[in-house]
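Here are some friendly notes to read beside the structure. They go point by point, so feel free to rotate the view as you follow along.

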Amino acid sequence: MRRLPALSTSLRLAALTAIAAMALQSCSPRYNWRESSDNGAHFVVLLPAKPSSVTRAIDLDGPRVEMSMTAAEVDGVTFAVGTAELPDAAAAERALTAMRTALLNNIAGQAQGAPAWPGKTAGLDHSMDLEARGVARGRPLRLAARLASRDRRVYQILMVGEEKSFTDENLETFFSSFKPT
């Protein structure tokens, strides 16, 4: 039986280093889930990248309110949570309907059948789920949203982006992690 020559220590070390580097690279997640919240700490959610926040005035079919949006984007999908405080809790259902209409208009979309992501979020007074497909700026888009309220606060939890980047795992992680505070 013929023996193969032994590898030199430096060659073995180089081979092990190359294998370790490939293993680490293959495990490097594009989705770096981290706990996030808005500046007022009205919710906690897992977002797949470092979030950014913006606040702007919007009209929710009557009341004009300041909505804060915290969002992160990965692989052409935006994961976002918006929150606003209404003048009174009685306006919540009308505000949720206005948010639903605005989201559909933003993607020139049509609502699809019953959404298939995780069950209702605990601690909310009202909620409605929305799944839609549409086109914005020439791009086909998918939208998954949960619109909810608790007392005078409304929440808009959504994913919007390219269909190919939506996964059941991302829907589950994102929607099930949302907690109003």
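Contact, in these notes, means heavy atoms within 4.5 Å.

1. A word on the source and the overall plan. This is a predicted model. The chain contains 3 helices and 10 strands. Read from the N terminus, its elements follow the order α-β-β-β-β-β-α-β-β-β-β-α-β.

2. Some totals for the chain. There are 181 residues, and buried ones make up 39% of them. Among contacts with a separation of 6 or more, 53% join residues that are 24 or more positions apart. The exposed area comes to about 10600 Å², with carbon and sulfur atoms supplying 53% of it.

3. Now to the inside. The largest nonpolar core has 26 residues, and those touching the most other members are Leu60, Leu86, Met99, Leu103, Leu143, Ala145 and Val154. At least two residues of this core come from each of β4, β5, α2, β7 (126-136), β8 and β9. Helix α2 provides the largest share, 6 residues. Apart from this core lies another one, of 21 residues, with Ala49, Val74, Val77 and Ala148 among them.

4. Met99 is a good residue to click on. Which residues does Met99 contact, leaving aside its neighbours within four places in sequence? They are Leu60, Met67, Leu147, Val154, Tyr155 and Gln156. Of these partners, Leu60 and Val154 are also among the core residues that touch the most other members.

5. Next, the largest pocket. It holds about 830 Å³ of space. Of its 29 lining residues, Met69, Leu103, Asn106, Leu158 and Val160 are the closest to the centre. Leu103 has already appeared above, as one of the core residues that touch the most other members.

6. Which elements each supply at least two residues of the pocket lining? The list is β3 (52-59), β4 (64-74), β5 (77-85), α2 (92-106), β8 (139-150) and β9 (153-161). Strand β3 gives the most, with 6 residues. By type, the lining divides into 17 nonpolar, 7 polar and 5 charged residues.

7. Helix α3, spanning residues 168-177, deserves a look too. Its buried residues are Asn170, Leu171, Phe174, Phe175 and Ser177. An α-helix has 3.6 residues a turn, so residues three or four places apart point the same way. Asn170 and Phe174 are both in the buried set of α3. The buried residues of α3 pack against β2 (43-47), β5, β8, β9 and β10 (179-180).

8. Is Ser176, in the same helix α3, buried or partly exposed? Ser176 counts as partly exposed, because its relative accessible area is 32%. The C-alpha atoms of Ser176 and Leu46 are separated by 8.9 Å, although their positions lie 130 residues apart along the chain.

9. Two loops carry an unusual backbone angle. Most residues other than glycine have a negative phi. Asp61, however, has a positive phi of about 55°, and sits in the loop between β3 and β4. With 45% relative accessibility, Asp61 is partly exposed. Asp151 likewise has a positive phi, near 55°, and its place is the loop between β8 and β9. Asp151 is exposed, because its relative accessible area is 53%, and exposed here means over 50%.

10. Met128 belongs to strand β7. A relative accessible area of 23% makes Met128 partly exposed, since buried means under 20%. Beyond its neighbours within four places in sequence, Met128 is in contact with Leu96, Thr97, Arg100, Ala145, Arg146 and Leu147. From Met128 to Pro115, 13 residues apart in sequence, the C-alpha to C-alpha distance is 9.9 Å.

11. Finally, Gln112. Gln112 lies in the loop between β6 (110-111) and β7 and is partly exposed, with a relative accessible area of 37%. Setting aside neighbours within four places in sequence, Gln112 contacts Glu131, Ala132 and Arg133. One of these, Arg133, is 21 residues away in sequence and 7.2 Å away in space, C-alpha to C-alpha.

Conventions: Residues numbered from 1 in each chain as written. Predicted model: local features only at pLDDT ≥ 70, side-chain atom pairs only at ≥ 80, totals over all residues. Heavy atoms only, no water. 1 Å grid on protein atoms, 1.4 Å probe; cavity = no way out; pocket = protein on both sides within 12 Å on 5 of 7 lines; lining within 4 Å. Points joined across faces, edges and corners; volume = space filled by probe spheres on them. Helix = DSSP H or I, 4+ residues; strand = E, 2+ residues; numbered from the N terminus. Nonpolar A, V, L, I, M, F, W, Y, C, P; charged D, E, K, R; others polar. Buried < 20%, exposed > 50% of the residue type's maximum accessible area, 1.4 Å probe, protein only. Areas by Shrake-Rupley, 256 points an atom, 1.4 Å probe, with all protein chains shown as cover. Core = buried A, V, L, I, M, F, W, Y, C linked by side-chain atoms within 4.5 Å.
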